[in-house]
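Visitor: Could you take me through one part of this structure up close? I'm in my first year, so plain words would be great.

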Amino acid sequence: MNEADLTFLMPAMHSEHRFWHEENDRWGEDTCRWQREMAVAVEQLKRLESAVQSHSQAVAQHVRAVDDNERALQEHEQSMHAYEDGQCNFGEQERLQNRHKSQAAKHVACRQQHEELKRDLHEFLTKLHILSAGL
């Protein structure tokens, strides 16, 4: 290539360089926007992680409530059998009735908690699965 050829090509090279500068500017704008969006995504991920932990703790708490409910039910059942077998005095009847009322109220509360947790978890996990399916 001689000097005349280079001189002829200079305007085209300058034009190409201007285009590249403009393109680099657009890429810079894109990458700045992406950095902001990723910072938001990181914060959203932290909130999501917190929500997963919160739901997990709610499940663990409910497991304990169900276990406690079952244990109380079995104890009440044993007390009733003992009463029926004559192993308890007549004064125990009122205590058994009161215990039964208390157990019924606890069972209703546990049922309500279970249904709420079931609904909340279904909604949360459905959204989480939809989100993760696209990854």
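Guide: Let's start with a term: a helix here is a DSSP run of H or I with at least four residues, and helices are numbered from the N terminus. Keep in mind that this is a predicted model. With that in hand, look at helix 2, which covers residues 92-133. Helix 2 has 42 residues and reaches 58 Å from its first C-alpha to its last, close to the 62 Å expected at 1.5 Å a residue.

Now, what sits out of reach along this helix? The buried residues of helix 2 are Glu 92, Leu 96, Gln 103, Cys 110, Leu 117, Leu 121 and Phe 124. Let's stop at a few of them.

Take Leu 96. One of its contacts is Ser 79, which belongs to helix 1, residues 3-84. Ser 79 also touches Arg 99, once its neighbours within four places in sequence are left aside. Ser 79 has a relative accessible area of 15%, so it counts as buried, since the cut-off for that is under 20%.

Next comes Gln 103, also in helix 2. Gln 103 has a relative accessibility of 10%, so it is buried too. Skipping neighbours within four places in sequence, Gln 103 is in contact with Asn 69, Ala 72 and Leu 73.

Then there's Cys 110, which counts as buried because its relative accessibility is 10%. Cys 32, on the other hand, is partly exposed, with a relative accessible area of 40%. You might wonder about bonds between cysteines. A disulfide is a covalent bond between the sulfur atoms of two cysteines. How many disulfides does a search of the whole structure find? The count is 0.

Finally, go along to Phe 124, another buried residue of helix 2. Phe 124 helps line the largest pocket, which has a volume of about 280 Å³. Other lining residues include Gln 44, Leu 45, Arg 47, Leu 48 and Ala 51, as well as Lys 127, Leu 128, Leu 131, Ser 132 and Leu 135. Helix 1 and helix 2 each supply at least two residues of that lining. Sorted by class, the lining has 7 nonpolar, 2 polar and 2 charged residues.

So, to recap the tour: helix 2 has its set of buried residues, Gln 103 makes its contacts with Asn 69, Ala 72 and Leu 73, and both helix 1 and helix 2 contribute to the lining of the largest pocket.

How values were computed:
Residues are numbered from 1 along each chain as its sequence is written. This is a predicted model: local features need pLDDT of at least 70, side-chain atom pairs count only at pLDDT 80 or more; totals for chains, interfaces and linings use all residues. Side-chain values use heavy atoms; hydrogens and water are left out. Buried means under 20% relative accessible area, exposed over 50%, partly exposed in between (1.4 Å probe, protein chains only). Contact means heavy atoms within 4.5 Å. The expected span of a helix is 1.5 Å times one less than its number of residues. On a 1 Å grid over the protein atoms alone, a cavity is a set of points where a 1.4 Å probe fits but cannot get out, and a pocket is an open set with protein on both sides within 12 Å along at least five of seven lines; lining residues have an atom within 4 Å of a point. Grid points are joined across faces, edges and corners, and a volume is the space filled by probe spheres set on the points. Ala, Val, Leu, Ile, Met, Phe, Trp, Tyr, Cys and Pro count as nonpolar, Asp, Glu, Lys and Arg as charged, and the others, Gly among them, as polar. A disulfide is a pair of cysteine sulfur atoms within 2.5 Å.
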